[in-house]
Amino acid sequence: MKEVDIAVIGAGPAGLSAALACGKSGATTLLIDFMDAPGGQLIKQTHKFFGSERQFAGTRGIQIPSIFINQLSQMPNVQLVLGVNASGYYADSGVLTLEDGGKFIKVKAKRVIIATGAGEKALAFENNDLPGVYGAGAVQTLMNAYGVKPGNRVLMVGSGNIGLIVSYQLIQAHVQVVSLVEAAGRIGGYLVHAAKLRRAGVPILTSHTIVRAIGEETVRGAVVAQVDQSWQAVPGSQREVACDVICLAVGLTPLVDMMWQAGCEMKYVPALGGHVPVRDENMRASNPAVYVAGDAGGVEEASSAMISGEIAGISAAVSLGFRAQDADARLALLKSDLAAIRSAPAGEKIRAGIMSAMACGGER
Amino acid sequence: MTDDDIIICRCEDITLRQIRELIAQGYHTIDEIKRVSRAGMGPCQGRTCRQLIARELAGALGVPIEQVEMPTFRPPSRPVLLSTIARGEADE
Amino acid sequence: MVRLKEHPILDFPPGREVAFTFNGKEIRGVEGEPIAAALHAAGVRVLRHSPVLGRARGFFCAIGTCSSCLMTVDGVPNVRVCTEPLTQGMVIETQKGHGHLPID
């Protein structure tokens, strides 16, 4: 059985950043991802990041993974394994089970940093499983990472930032966005993104939802309807929209299976997308061998994921006695960066959610 | 197809009608529904349906979602071939 | 045009083209891209039929999380084609139901 100081599960923005911090501390570190290429969802983030230089301001998301990988590859104490599934974590022994192309591998790690990201939420409507009903992240991946158009006429469901940005990116790829429906009475994401869509002529229908996808084997349309304040379709408001893709942007939820397996105390926090581990400000969960980083601890975005990843990495290393010279100063700086990112008015819900996730449960 | 035929668990093809019937029969946790119907036991391990079932339970029982008990999570969290496990741990 | 050639931000450098079969028909795709991307570019939307109701299913999450895109690849069922890289000569088939394991 392989033994390491720290195992990091997930090589997206949070995991890459966590592994780099672990590497700098001198701890032996294993970074694991089931994809063959590192970067997680950065691979489709074509926009330039903002914030400070520490969060790669001015750099496009798609360029960030290679910056991390170049640094990690210089570190003899860091091993990156790609195309490997982390299939289980056994809290009593601290053993992780991995599966690598039919090989079963066990790793004993003194600390585990879980950076498994988030998954798309589903929506219940008729024919929601018809080919052509795609998650917004999936559409973005198909288009931005692999250069394949998802279709010709897209109905977007959800007006959060993901729905708005993916709609705009579809237009950039010469795909028509026939309409965007939002069940709430107002647009969820930033108005600057919504304005771009309006200028491009995309009708944004608030208080509207999708009722049904139309088609036999693939989507050829959708029925949308106005909803009242109790989210019920208003009689007589149903109408048909012709489209070949229905794109669901109804939010993300943290992928937290491993933290349940690890026996971490979990809490349902709607502002963070669902169940998240209760953690302290150093990202340590109630199981002291487990740290959480990035969207797995609450859905935000890639910049905050990189910061929480580095906090988790430094903290996990320090807990084992690996302390880079500037560890304390760096932690303080990272925490202030995170507070700054969340300080915008739009971050109010996140701030409340984080406070809720940090509040100690009864048994701690 | 009516509202009731909406697919909730894609892996096992469980519909909204079936979930509602089970709740009406007294299955009031995600785990109970899972055990009698297999909803959430397929290859995706409930990643698509769990939240939809939780919402349905919350609505039917008149409680907030956080009071809906979550099921137990066990390894493997992603499907692994039995032959992989049967061969045992690989040599380094 | 399904493959993007011009994009205001992105370049899609031509990758190595490989041939594979989908239900016996030869199709070309780019080596290393997910099988689902290659099939989508070739106009294939239905990837499997669900186990109980036989409903058509396609691409959905693209991160290997759901079960929508399970296909039979080189005889092995339940392969998540949204994350499985395409290689030369792959034999890809739509999957009906739970699939059958090859006995060796």
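This is a short talk about how the parts of one predicted model touch each other, and about some of its cysteines.

Hi everyone, and thanks for coming. Please keep the structure open while I talk, and remember throughout that we are looking at a predicted model.

Let's begin inside chain A. The domain assignment splits chain A into two pieces: domain 1 covers 2-119 + 252-358, and domain 2 covers 123-248. If you take the C-alpha centres of domain 1 and domain 2 of chain A, they sit 31 Å apart. Where the two meet, 7 residues of domain 1 of chain A are in contact with 9 residues of domain 2 of chain A.

How much area is buried between domain 1 and domain 2 of chain A? It comes to about 630 Å², and carbon and sulfur atoms give 59% of that. Look for I43(A), K44(A) and T46(A) on the domain 1 side: these residues lose the most area to domain 2 of chain A, together 67% of what that side buries. As for what links the two domains of chain A, the count of salt bridges is 0, while 4 residue pairs are in polar contact. The domain 1 side of this contact is made up of 4 nonpolar, 2 polar and 1 charged residue.

Now let's move on to contacts between chains, beginning with chain C and chain A. Here 31 residues of chain C touch 34 residues of chain A. Together chain C and chain A bury about 2800 Å², with 64% of it on carbon and sulfur atoms. Which three residues of chain C supply more of its buried area against chain A than any other three? They are F59(C), F60(C) and I63(C), and they supply 21% of it. There are also 2 salt bridges between chain C and chain A. In one of the contacts to look up, the side chain of D129(A) meets that of R55(C) in a salt bridge, at 2.6 Å from N to O. On top of that, 9 residue pairs are in polar contact across the interface of chain C and chain A.

Next come chain C and chain B. This contact takes 16 residues from chain C and 13 residues from chain B. The area buried between chain C and chain B is about 1200 Å², and 54% of it lies on carbon and sulfur atoms. Between chain C and chain B we count 1 salt bridge. You will find R57(C) paired with D13(B) in a salt bridge, their closest N and O atoms being 2.7 Å apart. The interface of chain C and chain B has 7 residue pairs in polar contact as well. On the chain C side, the residues touching chain B divide into 6 nonpolar, 7 polar and 3 charged.

Last topic: cysteines. How many disulfides does a search of the whole structure find? Over all chains, the answer is 0. Take C247(A), which is in no disulfide: the nearest cysteine sulfur belongs to C243(A) and is 11 Å away. C247(A) counts as buried because its relative accessibility is 0%.

Then there is C49(B). Why does C49(B) form no bond with C9(B), the closest cysteine? A disulfide needs the two sulfur atoms within 2.5 Å. The sulfur of C49(B) is 4.3 Å from that of C9(B), so the pair is too far apart for a bond. With a relative accessible area of 2%, C49(B) is buried.

That's my tour, so thank you for listening!

Technical notes
Residues numbered from 1 in each chain as written. Chains lettered and ligands numbered in written order. Predicted model: local features only at pLDDT ≥ 70, side-chain atom pairs only at ≥ 80, totals over all residues. Heavy atoms only, no water. Domains from an automatic or database assignment. Contact = heavy atoms within 4.5 Å. Buried area = accessible area lost by both parts, 1.4 Å probe. Salt bridge = Lys/Arg side-chain N within 4 Å of Asp/Glu carboxyl O. Polar contact = N/O pair within 3.5 Å; in protein donor to acceptor, adjacent residues only side chain to side chain. Nonpolar A, V, L, I, M, F, W, Y, C, P; charged D, E, K, R; others polar. Buried < 20%, exposed > 50% of the residue type's maximum accessible area, 1.4 Å probe, protein only.
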